[in-house]
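Please open the model in your viewer and keep the selection tool at hand. The tour below goes from one selection to the next and says what is there.

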Amino acid sequence: MTDTLAPPAGHADGTAAVSITGDPLTVDDVVAVARHDTPVRVADRARATMAAGRAVIEDLAADDRPHYGVTTGFGALARRHVPASQRARLQLSLVRSHAAGTGPEVEREVVRALQLLRLNTLATGRTGARPVVAETYAAMLEAQITPIVHEFGSLGCSGDLAPLAHVALAALGEGTVHDADGGTRPALDALAEAGVEPLVLREKEGLALINGTDGMLGMLCLAVADLRLLLTTADVAAAASVESLLGSDAAFAADLVAMRPHPGQAASATNLRALLDGSAVVASHRTLDAAGRPECTRVQDAYSLRCAPQVHGAARDTLHHAAAVADRELASAIDNPVVTVDGRVESNGNFHGAPVAYVLDFLAVAVADVASMSERRTDRFLDVARSEGLPPFLADDPGVDSGLMIAQYTAAGIVSELKRLAAPASVDSIPSSAMQEDHVSMGWAAARKLRRAVDGLGRVLAIELLTATRALDLRCTGGLEPAAGTGAVRDLLRTAVAGPGPDRFLAPEIDAVTRLVVGGDVAAAASAAVGPLR
């Protein structure tokens, strides 16, 4: 899920740029900078705060007593006193040695989010870094210099060490980056072209650049933004399926939903009622026979139709909790040691990624379940025993044509993968640093698998919409019209893929609808027809 959502309105300072003041950023700020290249500006207030924090570190550097990360080694080597003549080398060695990632490159937007979040923590003054360190990170973001960060290397404690070290290394003029055009270049060359002086680190600054949860938090922020859209889109897909499968909207009634007052469930049911309002297809099977008896003998729908608000709503409530955790983490200043407001320098454990790791895993569970329900609705369309009169596999000439048979296979394969990705990463821990770091969060791994899960959910919802809108075309004959919301979505899809007919090359159609889903077009079309969806 990358580079698809529209940029959010209103950034940290109400202008076109995100102002780095040291105050908490928002999820929208992170998405704007990471995904849409919104500029950042370091405020004078942040520079002053950083200068005050730096003064504390300078005083400690002149002290003969050991101070972790300032006059000592790191981790299991913290008892080694480092003389003043070796401290610049100490910080450089720290960054070089910790830039130990391997495997595929992570996505550009993830690296930019990581850069932004570390920059904002620096701006709090709690890390003791000089203002020039923050200004260098801001300049790299402005010039769209993106350090290459790898898939493997973080245990989520002490924060995302290796990913952050790769970013720090680039700021020092070492390692490899992508430039604004996407080319791969030595960091020193890219910095020179952008007019950015490579950093020369002083006491404590290497630690300040690598000791945080910024990678996992950045991915959480991006996932929160994506899932806000996708869970609304899941309601749209469910409404199209209920309608096309001749389901009922009676179970979505407000008084019934209110008997179980979960806010997410209420929001989802509200969306479903709005999307199905005025549907002639839904009304068509409410008719009575000559004796006044209902002609439709179905008294209740299958769970995948009837219980959509309950499942989608539970996912919404999970997302709400995860967003609250993200907001708290965005308000955090994470480093070790940290400069306190009253001028102390204290070791702490705030870098441990457990709070973020848990909700990343929790979201992966919700994503898998929403996708699983979506795939079950898709499958109902293709089975003549359950599709209420639709042709087998929605094929034009069943037996000659296979219709959407294998599209369901694709959805099923993705859902199976999502179930594996729902296994929590945060229950694992492998001790490191000679048992000094004897319990770790695996939050980075939780974030990486959530990104794959979110991508899969978008594709599964696209396949449901492709299927449901084809079924809607088959239903809507003889002047029968769908609801305004579902009809608008059907019309949108017809701008990208054709309606029912002989078999066609299906993969491009799935990809085209996926782009409409993850780009927000589906949700926007439905909202334009029925009013804002929740």
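Select T21 to begin: T21 is buried, with a relative accessible area of 17%, where buried means under 20% relative accessible area, exposed over 50% and partly exposed in between, for a 1.4 Å probe and protein chains only. This is a predicted model, in which local features need pLDDT of at least 70 and side-chain atom pairs count only at pLDDT 80 or more, while totals for chains, interfaces and linings use all residues. Residues are numbered from 1 along each chain as its sequence is written, and side-chain values use heavy atoms, with hydrogens and water left out.

T21 sits in the loop between β1 and α1; helices (H or I, at least four residues) and strands (E, at least two) are DSSP runs, numbered from the N terminus. Leaving aside neighbours within four places in sequence, show A43, R45, A46, N120 and A123, with which T21 is in contact, contact meaning heavy atoms within 4.5 Å. The side chain of T21 also reaches the backbone nitrogen of D23 at 3.0 Å. If you add D44, you will find its C-alpha 7.7 Å from that of T21, although the two are 23 residues apart in sequence.

Next, select helix α1 (residues 27–36), which is mostly covered, since eight of its 10 residues are buried. To colour the buried residues of α1, pick V27, D29, V30, V31, A32, V33, A34 and R35. Which elements do the buried residues of α1 pack against? They pack against β1 (18–20), β2 (40–42), α4, α5, α9 (214–244) and α14 (308–330). Just after α1, stop at D37, which takes a positive phi of about 60°.

Now display α4 and α9 together, whose axes come within 8 Å and cross at roughly 115°; axes are lines fitted to C-alpha atoms, for helices over the stretch in contact, and angles run from 0 to 180 degrees between N-to-C directions. The contact is made by E109, V110, A113, L114, L117, R118 and T121 of α4 and by D214, G215, L217, G218, M219 and L222 of α9. By class, the contact of α4 with α9 has seven nonpolar, three polar and three charged residues, with Ala, Val, Leu, Ile, Met, Phe, Trp, Tyr, Cys and Pro counted as nonpolar, Asp, Glu, Lys and Arg as charged, and the others, Gly among them, as polar.

From α4 (108–122), follow the chain into the loop that leads to α5 (131–142), where T127 is found. Is T127 buried or exposed? T127 is buried, with a relative accessible area of 1%. Not counting residues up to four places away in sequence, T127 touches T121, L122, K204, A208, D335 and V339, and a polar atom of its side chain lies 3.3 Å from the backbone nitrogen of A129.

Then select helix α18 (residues 484–494) and helix α20 (residues 521–530), whose axes come within 8 Å and cross at roughly 140°. Their contact is made by A484, G485, A488, V489, L492 and L493 of α18 and D521, V522, A525, A526, A529 and V530 of α20. These residues divide into 10 nonpolar, one polar and one charged.

Finish at A434, in the loop between α16 (405–421) and α17 (443–475). A434 is exposed, with a relative accessible area of 70%, and its C-alpha atom is separated by 49 Å from that of A308, 126 residues apart along the chain.

How values were computed:
A polar contact is a pair of N or O atoms within 3.5 Å; within protein, one must be able to donate a hydrogen and the other to accept it, and residues adjacent in sequence count only if both atoms are side-chain atoms.
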